[in-house]
Amino acid sequence: MMADLVTGFSAWLIDSPIRSARSHGSGHVKRSVGRVILRLQTADGLTGWGEAAPWAPFGNTAETALAALRHVLLPGLVGTDARRIGARMADCAGALAGHSDAKAAIEMALWDIAGKRLGAPVSELFGGLVRDSIPLSFSIADPDFDADMGRAREMFAQGHRILKIKTGFLDHAEDLRRLTVLREGLPGLDLRVDYNQGLAPYDALRKLRDVEAFAPTFIEQPVPRGQEATLAMLAAALDAPVLADESVTSPEEMLRAVREGFADAVSIKLMKSGGLIAGRAIDAIAAAAGAPSYGGTLWEGGIALAAAAHLLATLPNCTLGCEFYMPSYALVRDIVPDVLRAGGGVVQVPSGAGLGVEVDMDVLRSQAVESF
Ligand code: MG
């Protein structure tokens, strides 16, 4: 048998408690995070890890990711060549539409195997580092704003300078009050604003002119996906850059964003793009248009964020930092020791072979709800 064939897989649906409640809008407050952890094995005994961290507003949950992996994507993977990652992702695309989170889990597991086979970190397979660490943004997303401000002050004292506040799900006056507290309380702050699609197109510009007065580095996804004409109008009317998140999930959508002028900047998330290869393609199109990229997250833990860090640290155009704070600042205990080692306002890019992560099987089993 060829040594590089995929011979087996295991997957765990896990539920991981988080340290404090988090809300990213949509009226939903999270207290734990459901994810799927994937392990692939090859005939020569290599193991690759992947993670799917779905976000329900994008159409998937951990349960649907697990089902897509179990019934469609993984059975088709067994017996195929693990080295041919582009071909494997084409197989996945042909087998099932959507389910970008499950596909991302497969792709990162294949890169993990490829790196381990070559004894190189995944970042080297993507051309090598252009930065050793990535500036870190922490999100003000606790329904208890004062609690998050306390955390932010502590992080600020340790050298942290980037914060992103979730806006648009309380009333506008309260958003402006919070922005005032941030601006007055933390001089020198690199402040970003993320509406998570929270504004109605009809009065978005009026509200954003108020927000723009706080000089945010960017305003992320003010109006819903599907309202790209309004997004383009806002990008043209505002001085503050408009960053597209939910409106750009694929290279095709990034190309459309360039043509229609609705993204001054873009967030790259492996869970949106369905893996590293497509994430890099989004960045390449954005770079060609002069739009910098940013490392976004849904609710990923250490495996998926390690994969994203390996990729983003190789992209010269990814100049807006990342929000990979879950393992260090939000999860009570991740299933992998924290390889990103967030501190001093940056995350470190893992240096071990493959993704550079090692799963603690006891923690994995203790958080598992279902497995196969
Ligand atoms: Mg966002």
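User: This is a predicted model. Under what relative accessible area does a residue count as buried?
Analyst: The model is predicted. A residue is exposed over 50% relative accessible area, and partly exposed residues lie between the two limits. Buried means a relative accessible area under 20%.

User: How many residues of helix H12 are buried?
Analyst: The buried residues of H12 include Gly302, Ile303, His310 and Leu312. H12 is largely enclosed by the rest of the structure, because its buried residues number 11 of the 11.

User: Into which domains is the protein divided?
Analyst: One domain is built from two stretches, 2-119 and 360-371. The other is the stretch 124-348. The division is thus into domain 1 and domain 2.

User: How many residues does each domain bring to the contact between them?
Analyst: The centres of domain 1 and domain 2, taken over C-alpha atoms, are separated by 23 Å. The contact takes 41 residues from domain 1 and, from domain 2, 42 residues.

User: What is the order of the four strands in the antiparallel open sheet?
Analyst: E3 and E13 stand at the edges, each with a single partner strand, so one side of each has no neighbour in the sheet. On average, neighbouring strands here are turned by 20 degrees against each other, direction ignored. The four-strand order is E3-E2-E1-E13.

User: How many bridges join strand E1 to strand E2?
Analyst: E1 covers residues 6-23, E2 covers residues 29-42, and the two run antiparallel. Val6 stands opposite Thr42 in E2. Ser10 stands opposite Arg39 in E2. The number of bridges joining E1 to E2 is 13.

User: Which strands of this sheet does helix H12 touch?
Analyst: The sheet has the order E3-E2-E1-E13. In it, E3 and E13 are the edge strands. H12 packs on this sheet, and its direction makes about 100 degrees with that of E3. The strands H12 touches are E2 and E3.

User: Which residue in the hairpin of E2 and E3 takes a positive phi?
Analyst: E2 and E3 pair in the antiparallel sense over six bridges. Leu38 has Gly50 in E3 as its bridge partner. Four residues lie between the strands of the hairpin. The residue with a positive phi, near 85 degrees, is Gly45.

User: What is the strand order of the parallel open sheet?
Analyst: Seven strands make up this sheet. E5 and strand E11 (293-295) stand at the edges with a single partner strand each, so one side of each is left without a neighbour. The order is E5-E6-E7-E8-E9-E10-E11.

User: What is the bridge partner of Asp194 in E8?
Analyst: Strand E7 (residues 190-194) has four of its five residues buried, so it is largely enclosed. E7 pairs with strand E6 (residues 162-166) in the parallel sense over five bridges. Two bridges join E7 to strand E8 (residues 219-220), also in parallel. In E8, the partner of Asp194 is Glu220.

User: How far apart in sequence are the parts tied together by Phe9 and Phe372?
Analyst: The whole structure holds seven aromatic pairs. Phe9 and Phe372 have ring centres 6.1 Å apart and planes at 85 degrees, so this pair is edge-to-face. Phe9 lies in strand E1 and Phe372 in the segment after strand E13 (368-371), so the parts tied together are separated in sequence by 363 residues.

User: Are Phe9 and Phe372 buried or partly exposed?
Analyst: Phe9 has 26% relative accessibility. Phe372 has a relative accessible area of 24%. Buried would require under 20%. Phe9 and Phe372 therefore both count as partly exposed.

User: Which residues form an aromatic cluster with Phe138?
Analyst: The rings of Phe138 and Tyr325 have centres 4.9 Å apart and planes at 65 degrees, so they pair edge-to-face. Phe138 lies in strand E5 and Tyr325 in the loop between helix H12 and helix H13, so the pair ties together parts 187 residues apart in sequence. Both Phe138 and Tyr325 are buried. The residues that form one cluster with Phe138 are Tyr325 and Tyr329.

User: Which residue has its charged end over the ring of Phe156?
Analyst: The charged end sits 4.0 Å from the centre of the Phe156 ring. The residue is Arg161.

Key:
Residues are numbered from 1 along each chain as its sequence is written. This is a predicted model: local features need pLDDT of at least 70, side-chain atom pairs count only at pLDDT 80 or more; totals for chains, interfaces and linings use all residues. Side-chain values use heavy atoms; hydrogens and water are left out. Two strands pair if DSSP finds at least two bridges between them. Rings of Phe, Tyr and Trp (its six-membered ring) pair if their centres lie within 6.5 Å; planes under 30 degrees apart count as stacked, over 60 as edge-to-face and the rest as tilted. Buried means under 20% relative accessible area, exposed over 50%, partly exposed in between (1.4 Å probe, protein chains only). A charge sits over a ring if NZ of Lys or CZ of Arg is within 6 Å of the ring centre and within 35 degrees of the ring normal. Axes are lines fitted to C-alpha atoms, for helices over the stretch in contact, and angles run from 0 to 180 degrees between N-to-C directions. Contact means heavy atoms within 4.5 Å. Domain bounds come from an automatic or database domain assignment.
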